[in-house]
Amino acid sequence: MLSHRSIWDGIDALARRQGVSVSALAKLAGLDATAFNVSKRVSKDGRERWPSTESISKILEATGESFDSFLSGTGSYMAMPSGFAEPDLRNIPLLGLAQAGHGGFFDSAGHPAGHGWDEVALPTPDESGIYALEISGDSMEPLYREGDRIVVSPTEQVRRGDRVVVKTQEGEVMAKILHRQSARQIELHSVNPAYEPRIFDIVDIEWMARIIWASQ
């Protein structure tokens, strides 16, 4: 089963295979040298943080390693040879992104609530409150494509640069990048350059949750 520790262990193992430090690995991938530092793995309030899917994608591209080889280094979720059992999966709530704006699916904090959820089996962390949304539209291409499933945690601390799901008071639900947040406003960006940034007053946002993983 995936866990915070196993994913960070996978990054550490990848650095060792490349014969570099995690700081050098981050720089090799064009990331901030401190991106994988131990201090970045726990938030200020003591909660464990996940590395972003983009940062993992960049280190795999920079090193030429496959996603399967990375997973094998986590010591948790790994590609299994033919004839061996598949990794343990966990059923979590699943909802289409287009449906998510309808009332009754979430509580005020962005946790799954009510009826109408489907379920999907994914190798997700053993963490309460997480759920999956199925992407619709192309605003986050090529990071997330139509039909991809993103795993969302409403309890993870969100900070600038994170991939997030945001629900407005008007019921719009979107997957975006948190570009900037102040006491009064948030600015959200898409990956697809065809889409303009979205700026909202904080009072117009019902909740915002961090995307912690994607199943593609």
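D118 is found in strand β2, which covers residues 118–122, and in this predicted model D118 touches I92, P93 and L94 once residues up to four places away in sequence are set aside. Of these partners, L94 is 24 residues from D118 in sequence, while the C-alpha atoms of D118 and L94 are 4.9 Å apart in space. The chain around this strand has four helices and nine strands, and 44% of its 216 residues are buried.

**Overall architecture**

- Read along the sequence, the elements follow the pattern α-α-α-α-β-β-β-β-β-β-β-β-β, with the four helices written before the nine strands.
- Among the contacts in the chain with a separation of 6 or more, 61% are accounted for by residues that stand 24 or more positions apart.

**Confidence of the prediction**

- The pLDDT averages 81 over the chain, and 85% of the residues score at least 70.
- Confidence is highest in strand β8 (residues 198–201), at a mean of 97, and lowest in helix α4 (residues 67–74), at a mean of 65.
- Over residues 75–87 the pLDDT is below 50, and in the model this stretch has 15 contacts beyond near neighbours in sequence.

**Buried positions in the helical and strand parts**

- I11 is found in helix α1, which runs over residues 4–18, and this residue counts as buried because its relative accessibility is 0%, under the 20% cut-off.
- Leaving out residues up to four places away in sequence, I11 touches L25, F36, P51, I59 and F70; for the pair I11 and L25, a sequence separation of 14 residues goes with a C-alpha to C-alpha distance of 8.9 Å.
- V151 has its place in strand β4, and with a relative accessibility of 2% V151 also counts as buried.
- V151 and R210 are 59 residues apart in sequence, whereas their C-alpha atoms are 8.7 Å apart in space.

**A buried loop residue**

- S139 is found in the loop that lies between β3 (131–134) and β4 (149–153), and at 15% relative accessibility S139 counts as buried, since this value is under 20%.
- The residues that S139 touches, not counting those up to four places away in sequence, are A175, K176, S190, V191, N192 and Y195.

**The second largest pocket**

- About 410 Å³ of space lies in the second largest pocket, and 18 residues line this pocket, of which A35, S52, S55, R159 and D162 lie nearest its centre.
- Taken by class, the lining of the second largest pocket has nine charged, six nonpolar and three polar residues.
- Where does the second largest pocket lie with respect to domain 1 (4–78) and domain 2 (131–215)? The second largest pocket lies between the two domains, because domain 1 and domain 2 both give residues to its lining.

Conventions. Residues numbered from 1 in each chain as written. Predicted model: local features only at pLDDT ≥ 70, side-chain atom pairs only at ≥ 80, totals over all residues. Heavy atoms only, no water. 1 Å grid on protein atoms, 1.4 Å probe; cavity = no way out; pocket = protein on both sides within 12 Å on 5 of 7 lines; lining within 4 Å. Points joined across faces, edges and corners; volume = space filled by probe spheres on them. Nonpolar A, V, L, I, M, F, W, Y, C, P; charged D, E, K, R; others polar. Domains from an automatic or database assignment. Helix = DSSP H or I, 4+ residues; strand = E, 2+ residues; numbered from the N terminus. Buried < 20%, exposed > 50% of the residue type's maximum accessible area, 1.4 Å probe, protein only. Contact = heavy atoms within 4.5 Å. pLDDT = per-residue confidence, 0-100.
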